Amino acid sequence: MNKYNTLFGQMLELVGRPRFDSLVKSHKSDKFCNGNASWMQFIAMLYAQITDAGGLRSIEETFVRNENSSYHLGLDRKIKRSSISYANNTRDSSIFYDLFSMLSSELTSGGRRKLRKNLFAVDATTISFNKDDYSWAEFRETKAGIKIHVQYSIGDECPTYFFITNAKEHENNTMEDMNLKKGERVAMDRGYFNASEFHRMCCAGIEFVTRMKSNVQYEIVRDNPVTDENIGFDRIIKFTGEKTSKECPDELRIIESTDPEAGKTIVILTNMKKHSAKFIASLYKKRWKVELFFKAVKQNLHIKKFYGKSENAVFTQIYIAMIAYVLFMLLKKKHEVVSLRFTHFVDMMKVNMFARIDMALWMHGKIPKRPVLDFERLQTAFSFA
């Protein structure tokens, strides 16, 4: 008898049933249900995220074919598409956001973050909908959509906090909602340019680095010496515009930096005074990691097409997508796998979800990541000679 749980089961062990059941109890998610309905919903939707299931029917049929494995996943009933649909539309999605928060906190605890002084990148991505089907997300006369705002830990390479708004919400109005704390650093693109937010972060002890807008009026307080060939200038400034000077009376710093590889020159705005211009430019460059995260999630998880049309169903699907990514990072951390990319992991996991092999050996490549086919046996089986 195979001593290993399925790869999917080993992935779910990181969630932990006691922790999940505790959330179910606090949210009263199964109050009017028979059995473990929330767990069933979570397993079905997590499976759908990793395999990019075409619809609820395909999810149902997969678990019918793998009924023996379903028992080891802790399912006490058959997964039915009608049950998944009902749960997605009616069960409060916040239980899955709370689970994401717990798993993310587990991932970011430890020594790695301390080495990077809590460096985060913030960014947002928009998901568009058909207005007729998702009228609750309407933001223009002919369009509907939502925006996912993410706080991404550069050191831990994962989202630590996020929230969802209507697509019409501009990024520069959301920084106060990013839950940043004193002593933390944040890198953000030019879409977050907001003078009043810069002042708030200066007062709160939050260090930021962003792109400077070309039409902003300012005066030069002094020039700092420049010693690096890739730094054009390094200046302390104050805003002089009628509005910006009132919203942010603080002295800030601008740095002209050229990327030697791309040959592109940008002007960076920051409130960091004690660090070198080269170091600050490197912090802004790390912001691109959140762009790569959005690309990986959109390419590999199911967050552009949805299994339900209600707001709750959409939020549930996005929350579980984020959980899937954090579980991948937890597996990397647990099994000390450095080079495995999320795209490769999902690609291989799709065809091995119910394989009973050791996850650690599989992730390290010591067990074939794709099913090994015996072509000689296949030729014999399908021979008509």
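How many residues does helix α13 have, and how far does α13 reach from its first C-alpha to its last?

1. Helix α13 (residues 311–335) has 25 residues and reaches 36 Å between those two atoms. That is close to the 36 Å expected at 1.5 Å a residue, where the expected span is 1.5 Å times one less than the number of residues. Right after α13 comes E336, with a positive phi near 55°.

2. A word on the source: this is a predicted model, where local features need pLDDT of at least 70, side-chain atom pairs count only at pLDDT 80 or more, and totals for chains, interfaces and linings use all residues. Residues are numbered from 1 along each chain as its sequence is written, and side-chain values use heavy atoms, with hydrogens and water left out.

3. For an overview, the protein chain has 16 helices and 9 strands (DSSP runs, H or I of at least four residues for helices and E of at least two for strands, numbered from the N terminus). Its C-alpha trace spans about 85 × 45 × 40 Å along the principal axes.

4. Back to α13: 22 of its 25 residues are buried (under 20% relative accessible area, 1.4 Å probe, protein chains only). Across the 385 residues of the protein chain, 50% count as buried.

5. The largest nonpolar core (buried Ala, Val, Leu, Ile, Met, Phe, Trp, Tyr and Cys joined through side-chain atoms within 4.5 Å) holds 99 residues, and F8, F42, F63 and F345 touch the most other members. Helix α13 gives the most to this core, with 16 residues. A second, separate core has 25 residues, including V186 and F233.
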